[in-house]
Amino acid sequence: MKDSISKVRRERGSGVFQALRDMAISYQFKPGERISEIDLAERLGVSRTPVREALARLVTDGFLVPCTRGFMRRPLDIQETLDLYEARVAIERECLRLAMERASDAQIAEARAYLDTSRQVPPDTPIPALVELDEGFHLRIAAMAGNAELQRMLANINERIRFIRWIDMESVGRDSTQKEHRAIVEALARRAPAEAERLLTDHIALRREQIVEAIKLGLARIYLPQEAGAA
């Protein structure tokens with residue numbers, strides 16, 4: 001009986017965490033907004049305990065910060081976003097270096113097939129789905145590295161910059177991204193580490209002015225719909 005109760009609690013807690021993480025990623029919690037455990041518990045139809053536990057996990061994962069009597073959403077910060085992109089570049093470079101040594105021909109063939117399939121996705125596909133496809137490619141490179149910790153770190157950074165990626169994808173489009181992905185895979189297949197690293201770095205890195213612009217557009221996306229609704 002106790003095991004069954006514990007399982008129900010774990011499943012309920014996992015569902016609460018997933019829901020709140022999705023809200024944090026998409027900035028349904030506005031930057032700097034204090035988050036009410038009571039309101040969230042009522043909205044999700046659960047007690048405050050799994051909500052509080054989930055919010056504490058989101059602090060650890062980098063989405064929230066503690067504040068007086070609770071938690072708030074981390075601001076959209078230029079320097080923090082730059083730091084996250086630098087960390088992403090460092091992690092993905094190491095993944096690519098290890099993939100050069102460890103990737104099998106079958107894994108490289110699967111990555112090529114993945115790109116062929118994702119290229120067929122209609123251009124009017126929602127941006128979040130396009131970013132998910134993009135992340136899927138990079139996670140395949142990480143999987144080829146054969147290092148679970150690097151994969152975990154990359155997945156966390158992907159979640160923390162996903163909102164900026166949505167904004168950036170709207171501006172950049174997919175054609176150039178697809179070509180860059182293909183070039184990286186072909187350099188990997190030839191075991192050409194210097195070329196692959198250069199291609200990957202150019203593909204991932206965002207300049208400061210690009211991040212500033214993405215954050216400006218992101219803040220407008222977060223706040224303007226509310227203002228329009230109030231007008």
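Angles under 35 degrees between helix axes count as roughly parallel, and angles over 145 as roughly antiparallel. The exercises below use this rule on a predicted model.

**Exercise 1. Lay out the chain.**
How many helices and strands does the chain have, and in which order do the elements run?

*Solution.*
- Step 1. The secondary structure comes to 10 helices and three strands.
- Step 2. From the N terminus on, the order is α-β-α-α-β-β-α-α-α-α-α-α-α.
- Step 3. Add the extent: the C-alpha trace spans about 55 × 55 × 35 Å along its principal axes.

**Exercise 2. Classify the packing of helix 6 and helix 8.**
Are helix 6 and helix 8 roughly parallel or roughly antiparallel?

*Solution.*
- Step 1. Take the geometry. The two helices pack at an angle of about 15°, and their axes are 11 Å apart.
- Step 2. Apply the rule. An angle under 35 degrees counts as roughly parallel.
- Step 3. Conclude: helix 6 and helix 8 are therefore roughly parallel to each other.
- Step 4. Give the hand. Helix 6 crosses helix 8 in a left-handed sense.
- Step 5. Name the contact. Helix 6 brings D134, F137, H138, I141 and M144, while helix 8 brings T177, H181, I184, V185 and L188.
- Step 6. Sort these residues by class: six are nonpolar, three polar and one charged.

**Exercise 3. Do the same for helix 5 and helix 8.**
At what angle do helix 5 and helix 8 pack, and how far apart are their axes?

*Solution.*
- Step 1. The angle is about 165°, with the axes 10 Å apart.
- Step 2. An angle over 145 counts as roughly antiparallel.
- Step 3. Helix 5 and helix 8 are therefore roughly antiparallel to each other.
- Step 4. Their crossing is left-handed.
- Step 5. On helix 5, the contact uses I108, A111, R112, L115, D116, S118 and R119. On helix 8, it uses Q178, H181, R182, V185, E186, L188 and A189.
- Step 6. By class, this contact holds six nonpolar, three polar and five charged residues.

**Exercise 4. Find the cavities.**
How many cavities of 30 Å³ or more does the whole structure hold, and which residues line the second largest?

*Solution.*
- Step 1. The search finds two cavities of 30 Å³ or more.
- Step 2. The largest holds about 110 Å³ of space. Of its 14 lining residues, Y27, L76, E80, L84 and R160 are the closest to its centre.
- Step 3. Helix 4 (78-102) and helix 7 (148-172) each supply at least two residues of this lining. Helix 7 gives the most, with four.
- Step 4. By class, the lining has eight nonpolar, two polar and four charged residues.
- Step 5. Turn to the second largest cavity, with about 50 Å³ of space. Its lining is Y114, L115, S118, L133, D134, M169, R174, T177, Q178 and H181.
- Step 6. Helix 5 (105-119), helix 6 (127-145) and helix 8 (175-189) each give two or more of these residues.
- Step 7. Four lining residues are nonpolar, four polar and two charged.

**Exercise 5. Describe the largest pocket.**
What is the volume of the largest pocket, and which helix gives the largest share of its lining?

*Solution.*
- Step 1. The volume is about 260 Å³.
- Step 2. Of the 16 residues in the lining, D168, V172, T177, E180 and H203 are the closest to the centre.
- Step 3. Helix 4, helix 7, helix 8 and helix 9 (193-204) each give two or more residues.
- Step 4. The largest share, four residues, comes from helix 7.
- Step 5. The lining divides into six nonpolar, four polar and six charged residues.

Notes: Residues numbered from 1 in each chain as written. Predicted model: local features only at pLDDT ≥ 70, side-chain atom pairs only at ≥ 80, totals over all residues. Heavy atoms only, no water. 1 Å grid on protein atoms, 1.4 Å probe; cavity = no way out; pocket = protein on both sides within 12 Å on 5 of 7 lines; lining within 4 Å. Points joined across faces, edges and corners; volume = space filled by probe spheres on them. Nonpolar A, V, L, I, M, F, W, Y, C, P; charged D, E, K, R; others polar. Axes fitted to C-alpha atoms, helices over the stretch in contact; angles between N-to-C directions. Parallel < 35°, antiparallel > 145°, perpendicular 65-115°, else oblique. Left-handed = near helix turned anticlockwise from the far one by under 90°. Contact = heavy atoms within 4.5 Å.
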